[in-house]
Amino acid sequence: MKTAHVDTFARDNLPPREQWPEFHFDLPELQYPERMNCATLLLDDMVRAGHGERIAIRAPDGECSYAQLLAQANRIANVLVREMNLKPGNRVLLRGPNNPMMAASWFAVFKAGGICVGSMPLLRAKELTEIVNKAEITHALCDKRLDAELNLALPGCPSLKRICFWYSDKKNSLDALSEKQSAAFENIDTSAEDVALIAFTSGTTGKPKGTLHFHRDVIAMCDCFPRSCLKPSKDDIFIGSPPLAFTFGLGGLLCFPLRFGASSALVERFTPDTLLESIQKFKATILFTAPTMYRALAGVWDKSGKNYDLSSLRKCVSAGEALPDATRQLFKQASGIEIIDGIGATEMIHIFISHAPEHAKRGATGHALPGYTAAVLDENGERCAPGQIGRLAVKGPTGCRYLADERQKIYVRNGWNVTGDAYVMDMDGYFIYQARTDDMIISAGYNIAGPEVEGALLSHPVVAECGVVGVADEERGMVVKAFVVLKPENKSDDEMKKILQEHVKRTIAPYKYPRAIEFVAALPRTETGKLQRFKLRTP
Ligand code: 3UK
């Protein structure tokens with residue numbers, strides 16, 4: 001397919017074809033044309049189809065219709081092309097909290113044929129430098145309030161020549177420049193296989209990996225999980241915490257709502273209480289967030305929940321890490337809502353195993369979504385029998401393509417995307433998460449999955465949060481160690497340790513109980529809500 005990219009850096013740095021996973025487009029809704037620009041489908045076409053007057057983005061300081069979002073994206077696209085000399089294929093860093101200018105900027109870059117590289121708001125200069133250099137980023141659009149780390153990074157980023165800030169009152173701010181531009185823009189006629197974004201993995205260790213996703217992939221993610229599990233309507237109002245730089249947020253808080261003619265409430269920062277307040281304020285119907293937030297929400301729901309009208313909320317999606325059954329149950333008791341759990345990955349762009357709320361099964365992530373095939377494989381790449389633990393492997397319309405990275409050969413094997421997760425398939429074909437493959441604890445010959453022990457601990461009422469890892473032990477090789485955050489007003493003493501150990505022994509196979517327990521005030525987490533187990537292993 002003929003590329004629209006003049007700057008072919010991304011294409012030139014795709015992995016060689018023979019290292020790509022298999023791609024399958026076996027559903028009627030996954031038959032895509034050879035040329036597509038994802039912004040055209042998500043924005044221009046929606047306005048053409050008559051959604052122009054409907055609200056696309058809701059934010060604390062006002063609403064923005066589809067037509068207004070389109071106009072703003074067009075103005076920014078004109079700034080990129082006319083003032084910042086963007087050429088199709090150039091990489092553009094997008095840095096800001098979730099807000100309307102950030103949303104419009106994503107679309108502006110897609111429209112202009114640029115390649116979006118989102119940056120998590122909390123990234124420091126060192127991490128920014130790494131991704132700018134790895135992706136040879138040439139342009140940046142940045143929220144003025146997040147300029148400090150970017151400015152610190154600049155001396156180490158020779159490729160990054162043109163930067164424009166928004167929410168700034170300067171003459172050359174993105175706000176001022178875009179006002180002067182036309183609200184019309186003709187989208188670049190990209191190929192379905194032109195790279196639209198480079199998403200860096202929130203990898204807990206090692207150098208960040210950039211995953212390349214095509215215009216087609218952005219649309220495919222909208223046509224898989226939302227269509228088969230979430231089933232949104234045009235009246236839904238999405239809300240949630242993941243940054244747009246995290247593909248979980250890009251899908252759930254920007255692309256999914258627009259694909260279905262619905263709207264997204266973008267809020268920059270959440271605590272459990274302000275999230276509840278925002279659900280009321282925006283009458284949000286669909287929530288996207290991580291398991292820890294659901295647990296925290298369940299904790300404040302009964303107290304704070306009374307202060308808010310939360311009756312608009314219908315569906316809740318959890319991803320990013322395993323959803324402990326204790327959290328699923330607590331949240332259901334508090335809200336009446338059965339969480340939709342889904343496993344996704346930056347490499348796959350979004351969720352590929354999940355379930356409709358009525359098919360939730362305790363402890364299980366669900367089934368492969370229509371369009372995807374999933375399997376649990378042993379070390380030889382053969383399928384494991386039901387009940388046998390192995391490596392999760394998946395293929396479908398999206399898949400892993402790392403930007404110039406040897407680790408492609410680790411993630412993709414025999415056409416499968418191997419996610420690095422240990423899973424079991426049960427007799428009903430449900431996929432049941434065990435642990436990250438390298439987080440499995442082997443103690444005295446037993447295989448123990450930390451998350452299972454965490455689940456048992458979380459079912460005790462004094463436990464607010466916990467993380468379980470293996471620590472070296474002379475006698476047993478490794479022992480199970482739990483780091484526990486207690487709810488306020490509980491004593492962190494030896495007696496409490498005993499109580500928790502006995503509780504685990506009663507809940508799951510006794511040999512899995514944590515022989516060591518350490519009480520801590522908080523657990524180390526990434527910006528995407530993931531527990532950083534490696535930090536617990538090496539204090
Ligand atoms: C883990 C889960 C158990 C799992 C993501 C939804 O998390 C996302 O992408 P990342 O690249 O991490 C991928 C890894 O995270 N994981 C995610 N969801 C679950 N483990 N149950 C889950 N429900 O180890 C996976 O390999 O940061 C999630 C959509 C888009 C995403 N990028």
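**Briefing: helix 3, the open sheet and the cysteines**

In helix 3, the buried residues are Y66, L69, L70, A73, N74, I76, A77, N78, V79 and L80. The model described here is predicted. Its open sheet is formed by 9 strands, and the count of disulfides comes to 0.

**Helix 3**
- Helix 3 covers residues 66-83, 18 residues in total, and spans 25 Å from its first C-alpha to its last, close to the expected 26 Å.
- An α-helix has 3.6 residues a turn, so residues three or four places apart point the same way.
- After helix 3 comes N85, which has a positive phi, near 55 degrees.

**The open sheet**
- The strands of a sheet pair through backbone hydrogen bonds, in either a parallel or an antiparallel manner.
- In this sheet the strand order is 2-1-10-9-11-12-13-14-15, with mixed pairing.
- Strand 2 (62-65) and strand 15 (367-368) are at the edges; each has a single partner strand, so one side of each lacks a neighbour in the sheet.
- Strand 13 (residues 340-344) pairs with strand 14 (residues 351-354) in the antiparallel sense, over 3 bridges.
- G342 has S354, in strand 14, as its bridge partner.

**Helices packed on the sheet**
- Helix 3 packs on the sheet and touches strand 1 (55-59) and strand 2; the directions of helix 3 and strand 2 make about 80 degrees.
- Helix 12 (residues 291-304) also packs on the sheet, touching strand 11 (286-289) and strand 12 (315-318), and its direction makes about 120 degrees with that of strand 11.

**Cysteines**
- With 0 disulfides counted, C38 is in none; its nearest cysteine sulfur belongs to C255, 6.6 Å away.
- C38 is buried, with a relative accessible area of 0%.
- C384 also counts as buried, at 13% relative accessibility.

Methods:
Residues are numbered from 1 along each chain as its sequence is written. This is a predicted model: local features need pLDDT of at least 70, side-chain atom pairs count only at pLDDT 80 or more; totals for chains, interfaces and linings use all residues. Side-chain values use heavy atoms; hydrogens and water are left out. Helices (H or I, at least four residues) and strands (E, at least two) are DSSP runs, numbered from the N terminus. The expected span of a helix is 1.5 Å times one less than its number of residues. Buried means under 20% relative accessible area, exposed over 50%, partly exposed in between (1.4 Å probe, protein chains only). Two strands pair if DSSP finds at least two bridges between them. Contact means heavy atoms within 4.5 Å. Axes are lines fitted to C-alpha atoms, for helices over the stretch in contact, and angles run from 0 to 180 degrees between N-to-C directions. A disulfide is a pair of cysteine sulfur atoms within 2.5 Å.
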